[in-house]
Amino acid sequence: MNLRQLEILRAVIRHRTTVAAADELALSQPAVSNALKTMEAQAGFALFERVNNRLFPTMEAMALYKESEAIFALHAKLENRVRDLRDNRSGHLSIVATPPLAYSIIPSALSGFLHRRPETRVFFDVRRYEGIIEGVLSRVAELGFALGLSYHPGIAHEVAHTGEMVCVLPPQHPLAAQPVISASDLVGLPFIGLERGTRLGEAVRASFAQAGASFQPTVEVRYCNTACVLAAAGVGVAVVDPFSPRQNSGNGLIVKPFAPTTLAVAYMLWSEAAPLSRLAKAFLDEVRAASQMLTKG
């Protein structure tokens with residue numbers, strides 16, 4: 001007895017008539033009647049007793065009905081699995097990001113992504129730029145997100161967001177009223193610099209050099225969010241990426257445009273060694289949408 005025959009048997013047992021069973025299964029009534037005759041002939045015993053135009057299952061038919069429950073439960077589970085795979089609602093995705101993006105674009109994108117895919121499991125790690133490249137190349141992470149990018153063989157990329165470095169100042173700072181803060185304005189003031197050798201740190205140093213301003217930080221830190229925390233505490237002024245000041249509602253920081261213009265470009269990265277999964281493609285769409293909202297904001 002095949003799966004389709006069992007399906008017909010179960011429908012007739014539920015409805016007690018071949019007409020109702022046929023309606024449920026989108027079959028003709030003769031097709032259901034013929035299927036019952038074939039099943040009884042194959043089984044070698046009666047499956048139904050006919051009383052007043054209604055069909056009452058025999059004990060043998062009910063035994064088959066109960067035994068088939070496990071089969072149809074498994075079949076339903078398989079159908080749901082196929083549907084989840086089709087709709088990208090289950091699976092596993094690994095992503096890595098540098099701190100500015102890990103604490104800005106990625107959380108909002110991840111929230112919507114997982115809300116629509118409760119069965120999906122995500123591994124999310126925050127790393128320095130070098131860790132992002134290593135993670136993507138080694139396939140430890142399917143997707144990477146970083147500010148700035150050098151050429152790396154085997155890595156494909158797409159720009160997620162283009163912004164500009166900003167100047168963050170403590171509340172009531174003497175420069176707070178200026179519409180734009182230049183590198184020259186910061187000379188001689190307590191200043192929080194980004195670590196030498198980092199991508200953003202070198203970009204800020206280049207901007208100071210372009211403006212002919214000396215770069216003499218009072219404190220040097222590795223991460224922009226650290227610089228923001230120190231600036232909010234009154235340690236000094238800092239030039240950071242446009243994402244970091246948004247964390248923790250800015251901690252009362254004053255954020256101003258910085259001159260000369262210093263780009264901060266966010267990239268989405270993945271390995272060219274294998275095609276992206278459907279889940280990864282769906283998450284990239286979420287990041288694109290989150291980036292657009294960031295631009296509008």
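The residues lining the largest cavity of this predicted model divide into nine nonpolar, no polar and no charged. The lining is made up of L101, I105, I106, F145, A160, A266, Y267, M268 and V287. Two secondary-structure elements, helix α6 (105–115) and strand β13 (263–271), each supply at least two of these residues. Strand β13 provides the largest share of the lining, with three residues. The volume of this cavity is about 30 Å³, and the count of cavities of 30 Å³ or more comes to one.

Phenylalanine F145, one of the residues of the cavity lining, also takes part in an aromatic contact. Six aromatic pairs are present in the structure. Among them, F145 and F283 are arranged edge-to-face, with 5.9 Å from centre to centre and an angle of 80° between the planes. This pair joins distant parts of the chain, since F145 belongs to strand β5 (residues 143–147) and F283 to helix α10 (residues 278–296), with their positions 138 residues apart in the chain. Both partners, F145 and F283, are buried.

A further edge-to-face pair is formed by F191 and F215, whose ring centres are 5.5 Å apart and whose planes enclose an angle of 80°. F191 is located in strand β9 (residues 191–194), whereas F215 falls in the loop between α8 (199–210) and β10 (219–221); the pair therefore ties together parts that are 24 residues apart in sequence. F191 and F215 are likewise both buried. The contacts of these two residues extend to other rings: F191, F208, F215 and F258 are linked into a cluster by ring pairs.

Aromatic rings also serve as partners for charged side chains. The charged end of R10 is positioned over the ring of Y65, at 4.7 Å from the ring centre. A second arrangement of this kind involves R199 and Y129, in which the charged end of R199 lies over the ring of Y129, 4.3 Å from its centre.

Taken together, the aromatic residues appear in several settings within the predicted model. F145 contributes to the lining of the largest cavity and pairs edge-to-face with F283; F191 and F215 are members of a cluster that also includes F208 and F258; and the rings of Y65 and Y129 each lie beneath the charged end of an arginine.

Conventions. Residues are numbered from 1 along each chain as its sequence is written. This is a predicted model: local features need pLDDT of at least 70, side-chain atom pairs count only at pLDDT 80 or more; totals for chains, interfaces and linings use all residues. Side-chain values use heavy atoms; hydrogens and water are left out. On a 1 Å grid over the protein atoms alone, a cavity is a set of points where a 1.4 Å probe fits but cannot get out, and a pocket is an open set with protein on both sides within 12 Å along at least five of seven lines; lining residues have an atom within 4 Å of a point. Grid points are joined across faces, edges and corners, and a volume is the space filled by probe spheres set on the points. Helices (H or I, at least four residues) and strands (E, at least two) are DSSP runs, numbered from the N terminus. Ala, Val, Leu, Ile, Met, Phe, Trp, Tyr, Cys and Pro count as nonpolar, Asp, Glu, Lys and Arg as charged, and the others, Gly among them, as polar. Rings of Phe, Tyr and Trp (its six-membered ring) pair if their centres lie within 6.5 Å; planes under 30 degrees apart count as stacked, over 60 as edge-to-face and the rest as tilted. Buried means under 20% relative accessible area, exposed over 50%, partly exposed in between (1.4 Å probe, protein chains only). A charge sits over a ring if NZ of Lys or CZ of Arg is within 6 Å of the ring centre and within 35 degrees of the ring normal.
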